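Okay, thanks everyone for making it. I've got one structure to walk you through today, so have a look at it first and then I'll talk.

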Amino acid sequence: MHITMIGTGAGARLLANALVREHHTVEFLIRREKQVKKTLRDFHAHYYEDEEDVLAMDFDKTDAFVFCDDSNRTLALANLLSKRGGPIHFIAYDSALGRLLEKTKSTFGIDYVYDYGSILAGRVHHFFYEEAGMQTEIFENFDSAMVKIDVADNPAFVGRRVKNIGPLEELVLVTIRRGGKIIVPKGSTVIEADDVLRMVGSTEAVRRFRRRYAKVDVFEGLERKRRFLVFGDGKGAQSIEAALAKEADTLLLSRGRHYPYGVNYVIDRPVTEAMEDIDIAAYDGVVAASDDDADNFLVATAARDAGQEHIALCLKDERYMRVVDVAHTGGIFSGELLVSQQIKNNLFGPPEISLHLFPGTLEIYEIVLSEDVYATGKTIESLGLSEGFLIGGIEREGKSVLAKGQTVLKEGDHLILFLLPERAGDLQKFIRRKAKRFLTELFSM
């Protein structure tokens, strides 16, 4: 597909890179006074002064428009481009605008509205109220999920070999994070205290695992409302605070914004000093969601050092997530990741190959096997996959098939693959078409 992206707002770079990796064509339409980020300079871009310049441009090749621009004039441009025929995908960075557009999008010719703040707030709310300390990632097209758990000193895991851990019979252990290293486990690998495990399985199997092994819910049985501390003064932080405030008491800790009374301020002070003035133990959870990733990490670290276990860390730049994941065992979230994934799903539906935008040390792909790729018709064992490359699940004709060494892969199989970035070369076995023989090509003419 040929995608035209308007603006350089949050999520633009991430989405553009993901589309290119999946062999789509991306070009940008940018207002001339906007400063273009270095990370976008590799993409072809058109610059415009006003809407008349845009009307003179040729968009015959464009299959869809994605708006990542938060300027006031963007709606008028969206309405003009909607008449060019391609569907309009619009990211609203202001939740009030997002709610309004969802009700009136047809008036502006918009097909899909993505409320950036509300999407992020909903994910954080789910983390605190439903995940009970275990962050999960759902693969909706696959009815599968990944769960992350800090085993701490849990005797059900510590000191036991992977092959002898009963709870893992329904799940595939994908990686173990031990200190600052990622380990690809084997059956003989022994789980150690403070390991962080990532496992994948059906959504129902993950639910059963969480119900059995989640930490005790400290919120349950409270005779008072829950209390949350939210750090940040951007749209995302405001949306998260508003979502949590519906059911809890919240305090928005911001840097110099003039919010209503009762809100703490951080003005010309290191955020770590401001955190020292707050009784962290008085809160049931902490959210770090400012527009400064470094400050967010400092707030999350200070909260953890003060004994807080329920921490949601939000990052603007998902590239830092691999680094932060080593030091932070709580929930890690990115509005850019969440919004980009929704846009990709609406653009393509379940594609033949899809790179999941996952905030960890893994790359996760969904792939539908074609008849003429190398892996089709072969057993998993015979593929000789590298260590660090794992087939986590197989869906065949609507049913799950356990991925074992002797399992034969078939055309139409829907696979979910987990791999370390350095093992991406093995993907060719699943996506590169087999070369046709000369006689086969001759007779097919």
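**A walk through the model**

Let's start at one residue: Asp413, which sits in the loop between strand S20 (399-401) and strand S21 (414-419). Keep in mind that this is a predicted model.

So, is Asp413 buried or exposed? Its relative accessible area is 1%, and because the cut-off for buried is under 20%, Asp413 counts as buried. And what does its side chain reach? That would be the backbone nitrogen of Lys410, at 2.8 Å. If you skip the neighbours within four places in sequence, Asp413 is in contact with Ile367, Val368, Leu369, Ile394, Glu395, Arg396 and Val408.

Okay, zooming out. The chain has 13 helices and 21 strands. It runs to 445 residues, and 51% of them count as buried. Looking at contacts with a separation of 6 or more, 61% are between residues 24 or more positions apart. The exposed surface comes to about 21600 Å², with carbon and sulfur atoms supplying 49% of that.

Now the sheet I'd like you to look at. It's an open one with five strands, in the order S13-S12-S14-S15-S16, and the pairing is parallel. On the edges you have strand S13 (248-253) and strand S16 (331-333), each pairing on one side only. Neighbouring strands here are turned by 15° against each other on average, ignoring direction. Strand S12 (residues 226-231) and S13 run parallel, joined by six bridges; for example, Arg227 has Asp249 in S13 as its bridge partner.

Which helices pack there? H5 is one of them, touching S12, S13, strand S14 (285-288), strand S15 (311-314) and S16, and its direction makes about 160° with that of S15. Helix H7 (residues 235-245) lies across S12, S13, S14 and S15, at about 160° to S13.

Last stop, the cores. In soluble globular proteins, nonpolar side chains tend to be buried together. Here, the largest nonpolar core has 23 residues, and Met5, Phe28, Ile91 and Ile343 touch the most other members. Two or more residues each come from strand S1 (2-6), helix H1 (12-21), strand S2 (25-31), strand S4 (64-67), helix H5 (116-129) and helix H11 (335-348). Apart from that core there's another one, of 22 residues, including Leu14, Leu253, Tyr283 and Ala288.

And back to Ile343 for a second: beyond its neighbours within four places in sequence, Ile343 is in contact with Leu15, Val66, His89, Ile91 and Tyr114.

That's my tour; over to you.

Definitions and conventions:
Residues numbered from 1 in each chain as written. Predicted model: local features only at pLDDT ≥ 70, side-chain atom pairs only at ≥ 80, totals over all residues. Heavy atoms only, no water. Core = buried A, V, L, I, M, F, W, Y, C linked by side-chain atoms within 4.5 Å. Buried < 20%, exposed > 50% of the residue type's maximum accessible area, 1.4 Å probe, protein only. Helix = DSSP H or I, 4+ residues; strand = E, 2+ residues; numbered from the N terminus. Contact = heavy atoms within 4.5 Å. Pairing = 2+ DSSP bridges. Axes fitted to C-alpha atoms, helices over the stretch in contact; angles between N-to-C directions. Polar contact = N/O pair within 3.5 Å; in protein donor to acceptor, adjacent residues only side chain to side chain. Areas by Shrake-Rupley, 256 points an atom, 1.4 Å probe, with all protein chains shown as cover.
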